[in-house]
Amino acid sequence: MDNFNVPEVKKPKTLFTRHENAVRFLTLFILGVLGYGLSMIGKIPGMTVDGIFPIEPSDAVVLAAYALYGFWAALFVAFMKTGLLMLTFFNAIAKPIPIAAIFSFCMALFLAFGILVMDKSLRMFHKNIWSRLVSYLLVSVFVSLSMLSLEYALLVPIAFNNYQWTNIYQVDTAAIMSKYASFFPYPNSYDLSMLRVFLPYNFIRNLSVCLIYEICFHHLIFKVLKGGLFTENFFMNKNDLTEEKLNINLRKKALRSAQLKEMKERQVDLLKKKNAKK
């Protein structure tokens, strides 16, 4: 019995088991569907900018996906949400250049990237609620300015050019403002009109998304993470996560060794009893 060798447990090839990966994918799928549903029916009542741009919180699921599984998971949820919207409103969205879909996906992309920078560089989400609120403000400013640049240079010119490819340097902005005067609050200035129309909308929308995430998702997600359900804690650093997985593997190996030792002892006792009878 002393010479009995316990078979070595093979080291797993991947960090997560097949079951864990299946649960992760199912969770992201649910978040994508939830984001699609919020886009359809979740517009905040009475909240619009200039009476034409509704505020809707669907990008909160992108933050939830980031909190659970990281940046690429957030992009997956954003892509899935946008894809479902395109399938639903194909006739309205499927222009030569689908501006609405590009706008929705880019908004989520900039949001996920801003959160990534705040999380990895400044570690704002490891601190108290006031630090998180400051980070939400900074992320909202970043997304607002990034989207404003995209809207100014590409999205608005393309939209007013019958959804054909163009940019700010190839269109006659004076002619566009004359034709669509009701859209531009400053008829003589395309630049000021873009600032007046889109900067408030982008900022209010993204700040609303961050606050809704904080209220509805943040505490729920970290209760789930603390309980060990559905996921690994993404906000643990890489070394901690590796150490945790090693500890789990060691516990499994120790348990298996104890079971094998117990089986060997039972076999020895059984042989002794048989020899005693003879």
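In this predicted model, helix α3 crosses helix α5 in a right-handed sense. The two helices span residues 71-88 (α3) and 99-120 (α5). Their axes lie 10 Å apart, and the packing angle is about 165°. Angles over 145 degrees count as roughly antiparallel, so α3 is roughly antiparallel to α5.

Residues from both helices build this contact. From α3 come F71, A74, L75, A78, F79, K81, T82 and M86. From α5 come A101, S104, F105, A108, L109, A112, F113 and L116. By class, the residues of the α3 contact with α5 comprise 13 nonpolar, two polar and one charged.

Helices α3 and α5 also contribute to the largest nonpolar core. This core holds 44 residues. Within it, L31, M147 and Y213 have the most contacts. Two or more residues each come from α1 (18-41), α2 (60-69), α3, α5, α6 (129-159) and α8 (190-227). Helix α2 gives the most, with 10 residues.

M147 illustrates the contacts made by a residue of this core. Neighbours within four places in sequence are set aside here. The remaining partners of M147 are F103, C106, M107, F110, L155 and N202.

Another core lies apart from the largest one. This second set has 13 residues, including V171, I176, M177 and F183. In soluble globular proteins, nonpolar side chains tend to be buried together.

Conventions:
Residues are numbered from 1 along each chain as its sequence is written. This is a predicted model: local features need pLDDT of at least 70, side-chain atom pairs count only at pLDDT 80 or more; totals for chains, interfaces and linings use all residues. Side-chain values use heavy atoms; hydrogens and water are left out. Axes are lines fitted to C-alpha atoms, for helices over the stretch in contact, and angles run from 0 to 180 degrees between N-to-C directions. Helices (H or I, at least four residues) and strands (E, at least two) are DSSP runs, numbered from the N terminus. Angles under 35 degrees count as roughly parallel, over 145 as roughly antiparallel, 65 to 115 as roughly perpendicular and the rest as oblique. A crossing is left-handed if the near helix is turned anticlockwise from the far one by less than a right angle, and right-handed if clockwise. Contact means heavy atoms within 4.5 Å. Ala, Val, Leu, Ile, Met, Phe, Trp, Tyr, Cys and Pro count as nonpolar, Asp, Glu, Lys and Arg as charged, and the others, Gly among them, as polar. A nonpolar core is a set of buried Ala, Val, Leu, Ile, Met, Phe, Trp, Tyr and Cys residues joined through side-chain atoms within 4.5 Å. Buried means under 20% relative accessible area, exposed over 50%, partly exposed in between (1.4 Å probe, protein chains only).
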